Amino acid sequence: MIQLTATPLTALVDEPVHIRATGLTPFQVVSLQASLRDENGKMFYSRAYYRANEVGEVDLERDSSLGGDYVGLHPMGLIWSLKPENVLTRLMKKDVMNSPFQVQLKLYDSDLLLDNKPTSALKASLTLERWYVAPGVTRILVREGRLRGALFLPPGEGRFPGVIDLFGTTGGLIEFRASLLASHGFVCLALAFRGYDDLPLNPEITDLEYFEEAVNFLLRHPKVDGPGIGVVSICKGAEIGLSMAVHLKQITAAVLINGPTFTVGVPHVYRGQVYQPVPHSAQLITINALGAVEFYHLFEETRAESSKSFFPIEKAQGHFLFIVGEEDKNINSKTNAELAIDQLRRNGKNNWTLLSYPGAGHLIDPPYAPLCFASGIGHVCSAIHWGGEMIPHAAAQEHAWKEIQKFLRKHLIPTTTSKL
Amino acid sequence: MFQLTATPASALADDSVHIQVTGLPPFQVVTLKASLKDEKGNLFQSKAFYRANEAGEVDLEQTLALGGDYVGVHLMGLFWSLKPKKAFQRLLKQDVMNSPFWVTLDLYDYICFHDSATVQPRASQMVQRWFSGPGIQRKQIREGRVRGALFLPPGEGPFPGVIDLFGGFGNLIEFRASLLATRGFAVLALAYIAYEDLPDKLLEVDLEYFEEAANLLLAYPKIQKPGIGVLSLSKGAEIALATACYLKQVVATICINGFNAVSNVPLRYRDLVVTPIRSGGERMQVHISGAVCYRHCHGDPRDELNRQSVLPVENAQGCILFIVGEDDECIDSKAYAEQAMDQLQSHGRSCGRILVYPGAGHLIEPPYAPLCFASWVRGFSWPSLWGGVPAAHAAAQEHAWGEIQKFFRQHLIQTRSKL
């Protein structure tokens, strides 16, 4: 009797699942398909072909796929290779508290002709629940002073290290990373700064005092254990994260993912200090063979003469974790990180770590998130090429997520022995 | 006063167009856009960003594109980088006789990134791209079993005869045949599946059908005798290679990105039946865009078990030119062409030649055809990945077209003193 199992059926999205099939004919080829419907009703699919062993079993932790959305030994491949029916759709969970993503797993006899319509019946299926919160995590909508966001609290008594979570130009309030960090023991504030509630869609300046308010708000919270606060930030959010670390001494740990290490777009202001944005060369925008737009050359000609746009990163007292996807086609993350690190080195500082991932693209998300090849940001462009090759990108996400948590714990949780 | 010129305004699709801009402020950055609507109303677009020189000129023969759909000096870049607005559409001219493709060229005096219905370009030109020249005749062919369209150059002839074969997805693709006819060949665009009363699915390749077509072509007045050429792509190239092996009427064969063995369905010629190497659907690979790469699905002709399916190229009486794109994501055409060449050499035959184009994909077409990286294929649930690196693919198309014509002239036109 053919059986398909997955353990655990219900889990956090960043937890792996062990998928197995038994009761097959020895050495037969089967196809495993995963599908998911997002909150907008958009479908995502993936498939892989496996050959059963001599006792009619397929074990994704042991067996290599022959083909499909990935080839090789990838126990979580069916999840991170999910692709949208409409090519420019990014998978993003909006409601992180009340529902999981449901992933249908189906097992077919591979009787697959080259026209890829499976001709045989479904042999087994099951549904996985992939949650963005652990049981007991609470969410509080934040509308205090100017602050707009969502605060996630881990379950249990006691106090926890505090983290501010920042996304990029997409705008709005993106909560899925903050809810996961809370599930791992951090009080995490998903902070919006544009295009959400009464926040303007295109702010004219980046006002660091807004983010300072957020830091103070977090430190005041009874469940937050100071004195240091962390920041996890990506893309435009990383420009802000870097500036926070430079100007706000409460920031003791800053994770900067694929960001500019200088001001871009609009002036960046903190208490009268103004950093002008690096001018961009729009004529250097390129379009790839599939029509997706690449912005990573934008500052190539202007970066060098723009020292006034660079933050005095050497003044930061906290620690930096730079995370770089070397195949980022949206931002030249590798060069940006190198510039920042050079500046630190020249000033005799070694409060940084660089994790540079060959093959990873711009959208380095928590593990098993499918690689989004290109998608639109409404007011900017309809098909932005994010870059990345699927397999190294998936590996980078797994590795980086563990490192991010280790880094935050190391620099936010005081140890009993004296810190160096 | 800005001036945008494109010369010639009306030309064959395989002829280049010289695009220039004058009257700009010195060093002004501009956008040049091209757009085209195909016969189904699908929009194709391209753009490039240029900086004028000190005299306020942009000359696509000399000026570097800084960004957009291509970078560098590319005279015809706006044409071969045209992309469909709706993903996975392929640009294919259906009516090759009565109408051209109309390409609109627009100039903006700033970096014009988005398409706006309201912003007008500073200058505009239309160019016509024709797929047949003056005097070309098209005859619909419905004789015996043969189905297709014959293109004849004007004049007395005799003209070297060529059969043009596309891939296994049906219908009749005529644009390459009509362009080749405009270059002085009598070309029969031959359908073999899903066209008129031909079967909808290919259950076997019946070489006698292709022999009928070859004989039909040779029987036409004005066709050079005694032998014809075959120009072919993809599944058509596999069939063409078989005709080279078995039909004495075929004396010059060009195989673009094909297999060197019988694949998927059997090949029949009279009482001979060659069993196919079956493809393994389970080795398909899905590209990040969602298009499917079939490159790894084909069986290995070098496997002992597949020996009887390999085409006996050493039996070919004429000459064979293999044209191969190294970035072909549909089929590992380089490996198969090299195997066929090895086979020829090991039998002491010296009539084979191979042209390998780095960066070229599967759909190597006449010059300036836009690179189609992936497109929908009839009967398949998702798009097929063809591959190719745009600028390299464009260069390959230009070079290959010259080689194709040279090869046919060399092997099909009788000279007084033939060695």
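How many residues does the contact take from chain A and from chain B? The contact takes 33 residues from chain A and 33 residues from chain B. Please keep in mind, as you look through these views, that this is a predicted model.

**View 1. Chain A and chain B bury about 2,900 Å² between them.** Carbon and sulfur atoms give 67% of that buried area. Salt bridges are missing here: the count between chain A and chain B is zero.

**View 2. Glu282(B) is in contact with residues of chain A, including Tyr49(A) and Arg51(A).** You will find Glu282(B) in the loop between strand E19 (272-274) and strand E20 (285-286) of chain B. Leaving aside neighbours within four places in sequence, its contacts are Val29(A), Tyr49(A), Arg51(A), Leu66(A), Gly67(A) and Gly68(A). Is Glu282(B) buried or exposed? With a relative accessible area of 14%, Glu282(B) is buried, because buried means under 20%. Within chain B, His296(B) comes 14 residues away from Glu282(B) in sequence, and their C-alpha atoms are 9.3 Å apart in space.

**View 3. Eight strands of chain B form an open sheet with mixed pairing.** To trace the sheet across, follow the order E11-E12-E14-E13-E16-E17-E22-E23. Strand E11 (137-143) and strand E23 (352-357) of chain B stand at the edges with a single partner strand each, so one side of each has no neighbour in the sheet. On average, neighbouring strands are turned by 20 degrees against each other, direction ignored. Towards one end of the order, strand E22 (residues 319-325) of chain B runs parallel to E23(B), joined to it by six bridges. Gly325(B) has Tyr357(B) as its bridge partner in E23(B). Helix H4 (residues 235-246) of chain B packs on this sheet, where it touches strand E13 (161-165), strand E16 (228-233), strand E17 (250-256) and E22 of chain B. The direction of H4(B) makes about 155 degrees with that of E17(B).

**View 4. H4(B) also lies across E15, E18 and E19 of chain B.** These strands form an open sheet of three, in the order E15-E18-E19, with mixed pairing. At its edges stand strand E15 (205-206) and E19 of chain B; each has a single partner strand, so one side of each is left without a neighbour in the sheet. Strand E18 (residues 267-269) of chain B and E19(B) run antiparallel, with three bridges joining them. Look for Arg268(B), which stands opposite Val273(B) in E19(B). H4(B) runs at about 30 degrees to E18(B).

**View 5. Ile323(B) is among the residues that touch the most other members of the largest nonpolar core.** That core has 138 residues, and Ile19(B), Ile163(B) and Phe408(B) share this distinction with Ile323(B). Which residues does Ile323(B) touch, not counting those up to four places away in sequence? They are Ile254(B), Cys255(B), Ile256(B), Asn257(B), Leu355(B), Tyr357(B), Ile364(B), Ala400(B) and Ile404(B). Apart from this core lies another, of 121 residues, which includes Val13(A), Leu153(A), Leu191(A) and Val255(A).

**View 6. Salt bridges link parts of chain B that lie far along the sequence from each other.** Over all chains, the count comes to 43 salt bridges. In one of them, the side chains of Arg138(B) and Glu174(B) meet at 2.8 Å, N to O. This pair is 36 residues apart: Arg138(B) is in strand E11 of chain B, and Glu174(B) is in the loop between E13 and helix H2 (175-182) of chain B. Arg138(B) is partly exposed at 31% relative accessibility, whereas Glu174(B) is buried at 8%. Another salt bridge joins the side chains of Asp206(B) and Arg145(B), at 2.9 Å, N to O. Asp206(B) lies in strand E15 and Arg145(B) in the loop between E11 and strand E12 (146-152) of chain B, so this pair ties together parts 61 residues apart in sequence.

**View 7. A hairpin joins E24(A) to E25(A) through three residues.** Strand E24 (residues 374-377) of chain A pairs with E25(A) in the antiparallel sense over three bridges. Ala374(A) has His385(A) as its bridge partner in E25(A). Strand E25 (residues 381-385) of chain A is mostly covered, with four of its five residues buried.

How values were computed
Residues numbered from 1 in each chain as written. Chains lettered and ligands numbered in written order. Predicted model: local features only at pLDDT ≥ 70, side-chain atom pairs only at ≥ 80, totals over all residues. Heavy atoms only, no water. Core = buried A, V, L, I, M, F, W, Y, C linked by side-chain atoms within 4.5 Å. Buried < 20%, exposed > 50% of the residue type's maximum accessible area, 1.4 Å probe, protein only. Contact = heavy atoms within 4.5 Å. Pairing = 2+ DSSP bridges. Helix = DSSP H or I, 4+ residues; strand = E, 2+ residues; numbered from the N terminus. Axes fitted to C-alpha atoms, helices over the stretch in contact; angles between N-to-C directions. Buried area = accessible area lost by both parts, 1.4 Å probe. Salt bridge = Lys/Arg side-chain N within 4 Å of Asp/Glu carboxyl O.
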